[in-house]
Amino acid sequence: MPELPEVETIRRGLEGLLVGARLAAVEVRDPRLLRDCPLPDLEGLRGKALERVARRGKFLILDFSGLALVIHLRMTGRLLPQEEGHTRLVLGFSDGKRLVLDDPRRFATLHCVRAERLEEFEPLRRLGLEPFTASYTLGNFQKLLQTKQEIKRLLLDQRKLAGLGNIYANEALFRAGIHPQRRADSLSLEEAQRLFEAIPQLLEEAIALQGTTISDYRTATGDSGSFQLFLKVYGRGGEPCPRCGAPIEQTSQGGRSTYFCSECQPEHHGSV
Ligand SMILES: [Zn+2]
């Protein structure tokens with residue numbers, strides 16, 4: 001599932017490829033996409049130029065002079081320059097370029113939203129703290145931690161923190177040396193600060209390598225990312241910890257796989 005670094009990589013790719021191009025043709029192959037984006041709205045985009053490609057959490061926002069397409073790729077959605085067999089939508093641009101929404105499992109969503117209403121658009125409005133913005137401060141991050149929720153589950157909660165999914169939540173906790181099942185409110189100030197700093201550092205490194213391709217994710221030019229080569233714990237249950245050599249443990253939290261090193265990420269901080 002694409003997380004912040006993958007969606008940001010796609011955003012940058014689309015910005016370079018398509019901003020300024022006019023939408024010439026809309027071809028809907030999966031009528032389910034029209035549930036939140038009625039055909040007249042979609043057809044109304046023809047002739048309009050793509051002005052801006054933005055991102056909020058894992059949402060992509062394609063802004064066509066006043067009307068925005070808000071896309072969430074969910075499990076297996078991809079935005080590709082050509083068709084590859086699971087086409088749900090094709091946007092044709094006046095310069096001959098195409099933008100294909102390809103999605104084998106069909107969970108990706110498409111919403112048409114008036115640009116001036118984006119702020120109040122519910123799926124975006126309820127998103128939490130956004131890394132790389134001015135509101136991502138240690139103080140705001142610490143406020144999020146005032147809950148009994150397990151820290152890893154909190155990191156995955158998009159209403160608290162936007163953009164992290166299972167891969168980067170596992171990796172961020174390893175980097176910060178925090179056990180994934182710790183209660184969020186049990187973190188010391190030092191631990192909170194380590195995690196607060198680890199998250200954008202990790203995301204930035206992943207963006208620099210165009211994200212993590214484990215199964216479906218591809219960039220806007222159809223390439224794979226390469227951060228999967230640098231994952232320290234995710235998907236490595238039983239392998240030696242790259243820091244201390246102890247076997248990486250695997251468990252499950254809220255139905256999602258959790259990977260951690262119990263030496264580097266002790267369960268009880270400061271307890272005797
Ligand atoms: Zn270790």
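Reader: Hello! Is Cys264 buried or exposed, and why?
Author: Welcome! This is a predicted model, and the relative accessible area of Cys264 comes to 15%. The cut-off for a buried residue is under 20%. With 15%, Cys264 therefore counts as buried.

Reader: Which cysteines does the disulfide join?
Author: A search through the whole structure turns up one disulfide. Its sulfur atoms are 1.7 Å apart, and the cut-off for such a pair is within 2.5 Å. The two partners are Cys37 and Cys112.

Reader: How many residues apart in sequence are the parts that this pair ties together?
Author: Cys37 sits in the loop between β1 (23-28) and α2 (39-43). Cys112 belongs to strand β8 (residues 109-114), so the parts tied together are apart in sequence by 75 residues.

Reader: What is the relative accessible area of Cys37?
Author: Cys112, its disulfide partner, is buried with a relative accessible area of 14%. Cys37 is buried too, and its value is 0%.

Reader: How far apart are the end C-alpha atoms of helix α1?
Author: Helix α1 covers residues 4-18, which makes 15 residues. At 1.5 Å a residue, the helix should span 21 Å. The distance in the model agrees with that: 20 Å.

Reader: Which residue just after α1 takes a positive phi?
Author: Look just past the end of the helix, where phi is about 100°. The residue there is Gly20.

Reader: Which residues make the nonpolar surface patch of about 270 Å²?
Author: One member, Met75, lies in the loop between β4 (67-72) and β5 (78-80). Met75 counts as partly exposed because its relative accessibility is 33%, and patch members need over 30%. The patch is made by Met1, Met75 and Phe107.

Terms used:
Residues are numbered from 1 along each chain as its sequence is written. This is a predicted model: local features need pLDDT of at least 70, side-chain atom pairs count only at pLDDT 80 or more; totals for chains, interfaces and linings use all residues. Side-chain values use heavy atoms; hydrogens and water are left out. Patches are made of residues with over 30% relative accessible area and no salt bridge: like charges are joined within 9 Å, nonpolar side chains (Val, Leu, Ile, Met, Phe, Trp, Tyr) within 5 Å. Accessible areas come from the Shrake-Rupley method with a 1.4 Å probe; for residues, only the protein chains shown count as cover. A salt bridge is a side-chain nitrogen of Lys or Arg within 4 Å of a carboxyl oxygen of Asp or Glu. Helices (H or I, at least four residues) and strands (E, at least two) are DSSP runs, numbered from the N terminus. Buried means under 20% relative accessible area, exposed over 50%, partly exposed in between (1.4 Å probe, protein chains only). The expected span of a helix is 1.5 Å times one less than its number of residues.
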